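Work through the exercises below with the sequence and the 3D structure at hand. Each task is followed by a solution in steps.

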Amino acid sequence: MSELWIPIIGIICITLVIVSNLYLTSRDKQRLHTTLQLHLEKGGELTPALLQELGANFDQSKHDLRKGLLLTAIGIACFAAGSATNNFIVGAVFGVFPLFVGLAFCGIAQLSNKDE
(Lines give C-alpha, C1' and ligand atoms only; values in the text may rest on other atoms or scores of the structure.)
Protein backbone atom coordinates (compact mmCIF):
# COMPACT_ATOMS: atom_id res chain seq x y z
CA MET A 1 0.00 0.00 0.00
CA SER A 2 1.33 3.39 -0.95
CA GLU A 3 2.23 5.96 1.70
CA LEU A 4 0.03 8.40 -0.19
CA TRP A 5 -3.09 6.72 1.22
CA ILE A 6 -2.38 7.88 4.78
CA PRO A 7 -2.94 11.61 4.14
CA ILE A 8 -5.81 10.85 1.75
CA ILE A 9 -7.62 8.85 4.44
CA GLY A 10 -6.85 11.58 6.98
CA ILE A 11 -8.38 14.24 4.75
CA ILE A 12 -11.42 12.04 4.07
CA CYS A 13 -11.94 11.49 7.83
CA ILE A 14 -11.67 15.21 8.57
CA THR A 15 -14.14 15.95 5.76
CA LEU A 16 -16.59 13.35 7.10
CA VAL A 17 -16.44 14.85 10.59
CA ILE A 18 -17.10 18.37 9.25
CA VAL A 19 -19.94 17.26 6.95
CA SER A 20 -21.61 15.19 9.67
CA ASN A 21 -21.36 18.12 12.10
CA LEU A 22 -22.94 20.47 9.57
CA TYR A 23 -25.72 17.96 8.84
CA LEU A 24 -26.52 17.29 12.50
CA THR A 25 -26.50 21.00 13.36
CA SER A 26 -28.82 21.74 10.45
CA ARG A 27 -31.16 18.93 11.50
CA ASP A 28 -31.30 20.23 15.09
CA LYS A 29 -32.09 23.76 13.88
CA GLN A 30 -34.83 22.39 11.61
CA ARG A 31 -36.38 20.47 14.52
CA LEU A 32 -36.29 23.60 16.69
CA HIS A 33 -37.91 25.62 13.93
CA THR A 34 -40.65 22.99 13.47
CA THR A 35 -41.30 22.89 17.21
CA LEU A 36 -41.59 26.67 17.45
CA GLN A 37 -43.84 26.77 14.38
CA LEU A 38 -46.23 24.19 15.87
CA HIS A 39 -46.22 26.05 19.18
CA LEU A 40 -47.14 29.32 17.47
CA GLU A 41 -49.83 27.66 15.32
CA LYS A 42 -51.51 26.31 18.47
CA GLY A 43 -51.72 29.84 19.87
CA GLY A 44 -48.70 29.78 22.15
CA GLU A 45 -46.57 32.82 22.85
CA LEU A 46 -42.92 33.14 22.00
CA THR A 47 -41.30 34.24 25.26
CA PRO A 48 -37.61 34.57 26.12
CA ALA A 49 -38.06 31.88 28.79
CA LEU A 50 -39.40 29.45 26.18
CA LEU A 51 -36.53 30.19 23.82
CA GLN A 52 -34.00 29.68 26.60
CA GLU A 53 -35.67 26.41 27.61
CA LEU A 54 -35.52 25.14 24.02
CA GLY A 55 -31.92 26.28 23.67
CA ALA A 56 -32.65 28.78 20.90
CA ASN A 57 -30.66 31.60 22.46
CA PHE A 58 -27.31 30.59 23.87
CA ASP A 59 -24.09 32.39 24.64
CA GLN A 60 -22.29 32.40 21.29
CA SER A 61 -19.02 33.70 22.76
CA LYS A 62 -18.82 30.73 25.13
CA HIS A 63 -19.51 28.41 22.20
CA ASP A 64 -16.81 30.14 20.11
CA LEU A 65 -14.30 29.88 22.94
CA ARG A 66 -14.92 26.13 23.28
CA LYS A 67 -14.53 25.57 19.55
CA GLY A 68 -11.42 27.73 19.54
CA LEU A 69 -9.76 25.88 22.39
CA LEU A 70 -10.59 22.50 20.85
CA LEU A 71 -9.24 23.44 17.42
CA THR A 72 -6.13 25.02 18.92
CA ALA A 73 -5.48 21.84 20.91
CA ILE A 74 -5.90 19.73 17.75
CA GLY A 75 -3.43 21.94 15.89
CA ILE A 76 -0.87 21.74 18.68
CA ALA A 77 -1.36 17.97 18.88
CA CYS A 78 -0.64 17.66 15.14
CA PHE A 79 2.56 19.67 15.55
CA ALA A 80 3.57 17.54 18.55
CA ALA A 81 2.84 14.29 16.71
CA GLY A 82 4.90 15.47 13.77
CA SER A 83 7.80 16.34 16.07
CA ALA A 84 7.56 13.05 17.95
CA THR A 85 7.71 11.02 14.74
CA ASN A 86 10.55 13.11 13.25
CA ASN A 87 8.20 14.21 10.49
CA PHE A 88 7.56 17.81 11.49
CA ILE A 89 6.49 18.91 8.01
CA VAL A 90 3.52 16.48 7.94
CA GLY A 91 2.51 17.56 11.44
CA ALA A 92 2.74 21.20 10.39
CA VAL A 93 0.67 20.59 7.25
CA PHE A 94 -2.14 18.99 9.23
CA GLY A 95 -1.81 21.27 12.27
CA VAL A 96 -1.52 24.76 10.86
CA PHE A 97 -5.14 25.09 9.68
CA PRO A 98 -6.89 24.00 12.91
CA LEU A 99 -4.38 26.00 14.95
CA PHE A 100 -5.09 29.29 13.19
CA VAL A 101 -8.84 28.71 12.98
CA GLY A 102 -8.88 27.89 16.69
CA LEU A 103 -6.93 31.04 17.52
CA ALA A 104 -9.38 33.04 15.39
CA PHE A 105 -12.35 31.58 17.30
CA CYS A 106 -10.66 32.42 20.62
CA GLY A 107 -10.10 35.99 19.38
CA ILE A 108 -13.73 36.31 18.28
CA ALA A 109 -14.88 35.09 21.70
CA GLN A 110 -12.67 37.66 23.43
CA LEU A 111 -13.91 40.47 21.19
CA SER A 112 -17.56 39.58 21.78
CA ASN A 113 -16.97 39.49 25.55
CA LYS A 114 -15.53 43.02 25.44
CA ASP A 115 -18.65 44.30 23.67
CA GLU A 116 -20.94 43.12 26.48
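A residue is called buried when its relative accessible area is under 20%, exposed when that value is over 50%, and partly exposed in between. The model used here is predicted.

**Exercise 1. Classify Gly75 as buried or exposed, and state which residues it touches.**

Solution.
- Step 1. Locate the residue: Gly75 lies in helix α3, which covers residues 60–84.
- Step 2. Apply the cut-off. The relative accessibility of Gly75 is 0%, so Gly75 is buried.
- Step 3. List the contacts, leaving out residues up to four places away in sequence: Gly75 touches Gly95, Pro98 and Leu99.
- Step 4. Take one of these partners, Gly95. It is 20 residues from Gly75 along the chain, yet the two C-alpha atoms are separated by 4.0 Å.

**Exercise 2. Determine how many disulfides the structure holds, and account for Cys13 and Cys78.**

Solution.
- Step 1. A disulfide requires two cysteine sulfur atoms within 2.5 Å.
- Step 2. The count for the structure is 0. Cys13 is in no disulfide, and the nearest cysteine sulfur to its own, that of Cys78, is 13 Å away.
- Step 3. Check from the other side: for Cys78 the closest cysteine sulfur is in Cys13, and a bond is ruled out because 13 Å is too far.
- Step 4. Classify both residues by accessibility. Cys13 has a relative accessible area of 42% and is therefore partly exposed. Cys78, at 21%, also falls in the partly exposed class.

**Exercise 3. Describe the elements of the protein and decide whether its chain is spread out or a compact globule.**

Solution.
- Step 1. Count the elements: the protein has 4 helices and 0 strands.
- Step 2. Write their order from the N terminus, which is α-α-α-α.
- Step 3. Compare the radius of gyration with the globule rule. The rule gives 13 Å for 116 residues, and the protein has 20 Å, well over that value, so it is more spread out than a compact globule.
- Step 4. Add the dimensions: along the principal axes, the C-alpha atoms fill a box of roughly 65 × 40 × 15 Å.

**Exercise 4. State what share of the residues is buried, and describe the exposed area and the charges.**

Solution.
- Step 1. Of the 116 residues in the protein, 15% are buried.
- Step 2. The protein exposes about 9,100 Å², and carbon and sulfur atoms supply 68% of this area.
- Step 3. There are 8 positive and 9 negative charges, and their mean positions are 4 Å apart.

Technical notes:
Residues numbered from 1 in each chain as written. Predicted model: local features only at pLDDT ≥ 70, side-chain atom pairs only at ≥ 80, totals over all residues. Heavy atoms only, no water. Helix = DSSP H or I, 4+ residues; strand = E, 2+ residues; numbered from the N terminus. Rg over C-alpha atoms; globule rule 2.2 N^0.38 Å. Buried < 20%, exposed > 50% of the residue type's maximum accessible area, 1.4 Å probe, protein only. Areas by Shrake-Rupley, 256 points an atom, 1.4 Å probe, with all protein chains shown as cover. Lys, Arg positive; Asp, Glu negative; His and termini not counted. Charge placed at Lys NZ, Arg CZ, Asp CG, Glu CD. Contact = heavy atoms within 4.5 Å.
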